[in-house]
Amino acid sequence: MSNAAPVLPTPVTAADDSLGIDRAFVLQMAKMPLLALAWLAAGIASHFLWAAIWPEGLNGGPLVVICAGMVLAAFVDGWALKVPNWLTLPLVLSGWMLGALHDLGAPVGAGTGGFGLAVLGTLLGFALLLPMLVIRGVGEGDVKMQMGFGAWVGAFFGTGATTSEAGGPALHAMGVVFWAFCFGAIAGGAFGLVIIFVRRQFSQNAGIVKEIMGDLMMFGSGQVSAASKRAEERRRRWTKLPYGIPLCVGFLLYLGYALLLVG
């Protein structure tokens, strides 16, 4: 009588038919146009709702929508220390869609800027944060958040006709993107100082600031790769801050200053 152990059948492994494609990523990207259409519909609806309630003066309905998007992004960044693609990319796409509709003469209101200015606003938002992205002072989500803001600002303000026709200051879209970024930088500096005083790590933070300034000088001199490597090493030692919050605060402060105080 044989006491040999029974031989179990070898499990059959299903063949990998993914062709190297990340299906989860593809499905996520496929949802972006639908989410963009939702933001676009919200911007158009807010324009007509604002016109029905306040028919005189600047129609700020679409600005309410992009402000809501920025506040949501800042909240998510503060909570998770990351601004997700499902929020930032649809904002970019919807801003481009809005500009394209203006070029086509569609009766959607919501500003005067075309597709070209919407794309230009996106590129300017990217360029303004590129140095900080290279030295890892901000994350990719923060940059895409700024790009979404730039897309909507380009489609809404255009060359300034939107505000000048309403009796306010003629705000060119590129100027709005730039000055909102400057206000955000000031807000970010104030936010960082508060964190430094709360944690009382003065010498450590002073050293990090010195390193960051050195990296920016390297970036300006063309040593982009070296600056990026130094930043990646430093990133392991410092506490990440949600820069989406200062970006949002700067945007809201500038709009309040330009449209309410100056206008």
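Modeller: Before we start, a helix here is a DSSP run of H or I at least four residues in length, and helices are numbered from the N terminus. Keep in mind that this is a predicted model.

Colleague: Fine. What does G105 do just after α3?

Modeller: G105 takes a positive phi there, about 75°. The helix before that, α3, runs over residues 85-103.

Colleague: How do you know what span to expect for α3?

Modeller: The expected span is 1.5 Å times one less than the number of residues. With 19 residues, α3 is expected to reach 27 Å, and from first C-alpha to last the model gives 27 Å, so the two are close.

Colleague: Now the packing. Why are α3 and α5 called roughly parallel?

Modeller: Their angle is about 20°, with the axes 8 Å apart. Angles under 35 degrees count as roughly parallel, so this pair gets that label. The crossing of α3 past α5 is left-handed. Among the α3 residues in the contact are L91, W96 and H102, while the α5 side includes K144, M147 and W152. By class, that contact has 10 nonpolar, eight polar and one charged residues.

Colleague: And what makes α2 roughly antiparallel to α5?

Modeller: Here the angle is about 175°, with the axes 11 Å apart. Anything over 145 degrees counts as roughly antiparallel, so α2 and α5 qualify. This contact divides into 12 nonpolar, one polar and two charged residues. On α2 you'll find I66, M70 and D77 among them, meeting α5 residues including F149, W152 and F156.

Colleague: Which residues of α3 are buried?

Modeller: They are L87, T88, P90, L91, V92, S94, G95, L98, G99 and H102.

Colleague: Why is Q146 called buried?

Modeller: Buried means under 20% relative accessible area, and Q146 has 1%, so the label fits. Q146 sits in α5. Leaving out neighbours within four places in sequence, Q146 is in contact with G125, L128, L129, V177, F181 and L247.

Colleague: V76 has a relative accessible area of 17%, so why call V76 buried?

Modeller: The cut-off is under 20%, and 17% falls below that, so V76 counts as buried. V76 belongs to α2, residues 61-80.

Colleague: What does V76 touch, not counting residues up to four places away in sequence?

Modeller: L81, K82 and P84. As for L87, its C-alpha is separated from that of V76 by 9.6 Å, with the two residues 11 apart along the chain.

Conventions:
Residues numbered from 1 in each chain as written. Predicted model: local features only at pLDDT ≥ 70, side-chain atom pairs only at ≥ 80, totals over all residues. Heavy atoms only, no water. Buried < 20%, exposed > 50% of the residue type's maximum accessible area, 1.4 Å probe, protein only. Axes fitted to C-alpha atoms, helices over the stretch in contact; angles between N-to-C directions. Parallel < 35°, antiparallel > 145°, perpendicular 65-115°, else oblique. Left-handed = near helix turned anticlockwise from the far one by under 90°. Contact = heavy atoms within 4.5 Å. Nonpolar A, V, L, I, M, F, W, Y, C, P; charged D, E, K, R; others polar.
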